[in-house]
Amino acid sequence: MFTFNAFYNILRERLHYIYLLYAVPLVITIAMITPAFQSPDEPNHFARAEQVSRLELVPEFVYDKAHPVTAADSISKDPTLVYPDRGGFRVDKGIYQLDGIYKPLARHDSIKLATLKIDSAKKIRWHTGTIYFNFGNTAIYPPVVYLMQALGISVGKLLHLSILNTLYLSRILNGLLCVALCFFALMLAKQSNILLFIVLLFPMTVSLFASVSQDAVLISCCFLLVGFIDDFSFGDKKHQPQWKLYAMVILVSIIGIAKPPYIIFAFLFLFLKLTPKQKAVGIITPFAVLVLWLVVNHGSFMIKFAPAEMRLNSKLQVLYILHHPFRFIGMFFNFDKTALQNTADMFVGILAWLDVPLPDIYYRNAYICLVLGIIISLGFKGSARLRIALLVCSIITIVAVISAQYITWTALESPTLGGMQGRYLIPIFPLIALALCGYSLNNRFAGLKAVVLSIVLLFPAYSAIIMIQVISSRYY
């Protein structure tokens, strides 16, 4: 006998399969129709992956001692300016030859793919020589977040594929890995799966999965971690197998070395149903892994790569914060409506180099869909202590990310916080989702919930149409 309650429960219990049906074709399609290197820092991510494919796990920067930076290079003779280090990391020169062809597309709406020398791009091959290029912003990332991209590059080299086709292959492999991790996250998550499903199929998340960016793996690990926490804390089993604890520790370790501010997630082990020894292992291990990576790869973290015109100086910025702590704290309460709106839009999706926005009505509809998901998922039954911890951890992590961006990517002594992008909030979102969500098998409002959930499940089809239309219109 058909009942709305049974229909709602069936849909919710099979969300991971529905996600798979949407995500696999959509990620592959976006990976193939998005022109080369039209994703934030994708050339440098691809260069880092190429290093990993050669088993250069810890990058080595080679300084150009013949042409050191001198005072004569200063455009303003300002001693606070920091110049990019001259030299670079060894990488196949074909990557940046390909980037040179596609670079005019970025931030130039009038330039279409047809105007570029695509035939020349298809002819660029591997093993034509090496160069030294300063991609310090991705050299800091660990090899574990580039494994599938590196596999794609190794296969491309083995099969003598062009670098362009190798890029597409690496995108697809990276995307499929991320989709697989998120499939398991949704399978484990019973409380938070609706909200995770919605954000996983937002254009921003999909476009990152369809690139070679390490953000894709980072996001997937965060969603899978929350899936484990959801199952661990709210699942039916009273005794959880030991391997789940090990999996969570590994995930937090990867998350921490991929983006150090997110190491705060490790403190969530304090609020899980674990022995004191297990909690200690859960917290100490990720921090130890992070410290080890910072020590081993400290040289890359010291490399300066941003243009001097950006007026970035991390050391002096830290000193500025220490000398003016209340001024810095006050920046968090100096709300810029335009910046907040931009961040909210980026969370849903501003594609490519953050220069391909979606229609305004789409952003409104996306947040309506998210609110509907919250309404049918809302619940606070069970483990109030963990829910509070998840919210507090989210807030502290957001503050840590904003602070890190102010130190590393904001002009020296800027009166406002800068450098924050919506995609940095996606890894934090699952924690908020789990804190707010519950799942009850009762039939209260079953009909309304079934209708609303059906609408939510149809929204990714609308998103897919919008994404494909916007990308096609922009580049073709």
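This is a short exchange about aromatic rings in a predicted model.

Colleague: How many aromatic pairs are there?
Modeller: The count comes to 21 aromatic pairs.

Colleague: Why are Phe46 and Trp126 called an aromatic pair that is tilted?
Modeller: Their ring centres lie 6.0 Å apart, and a pair needs centres within 6.5 Å. The planes make 45°. Stacked means under 30 degrees and edge-to-face over 60, so the rest is tilted.

Colleague: What makes this pair tie together separate parts of the sequence?
Modeller: Phe46 lies in helix 3, residues 42-53. Trp126 is in the loop between helix 5 (118-122) and strand 3 (130-133). The pair therefore joins parts that are 80 residues apart in sequence.

Colleague: How do you know whether Phe46 and Trp126 are buried or exposed?
Modeller: Buried means under 20% relative accessible area. Phe46 has 0%, so Phe46 is buried. Trp126 has 6%, so Trp126 counts as buried too.

Colleague: What sits over the ring of Trp126?
Modeller: The charged end of Lys157, 5.2 Å from the ring centre. The distance cut-off is within 6 Å.

Colleague: Why is the pair of Phe347 and Phe429 called tilted?
Modeller: The planes are 55° apart. Tilted covers what is neither under 30 nor over 60 degrees. The centres are 5.9 Å apart, so the rule of within 6.5 Å is met.

Colleague: Which helices does that pair tie together?
Modeller: Phe347 lies in helix 17 (residues 337-348) and Phe429 in helix 20 (residues 429-436). These parts are 82 residues apart in sequence. Phe347, at 7%, counts as buried. Phe429, at 10%, does as well.

Terms used:
Residues numbered from 1 in each chain as written. Predicted model: local features only at pLDDT ≥ 70, side-chain atom pairs only at ≥ 80, totals over all residues. Heavy atoms only, no water. Helix = DSSP H or I, 4+ residues; strand = E, 2+ residues; numbered from the N terminus. Buried < 20%, exposed > 50% of the residue type's maximum accessible area, 1.4 Å probe, protein only. Lys NZ or Arg CZ within 6 Å of the ring centre and 35° of its normal.
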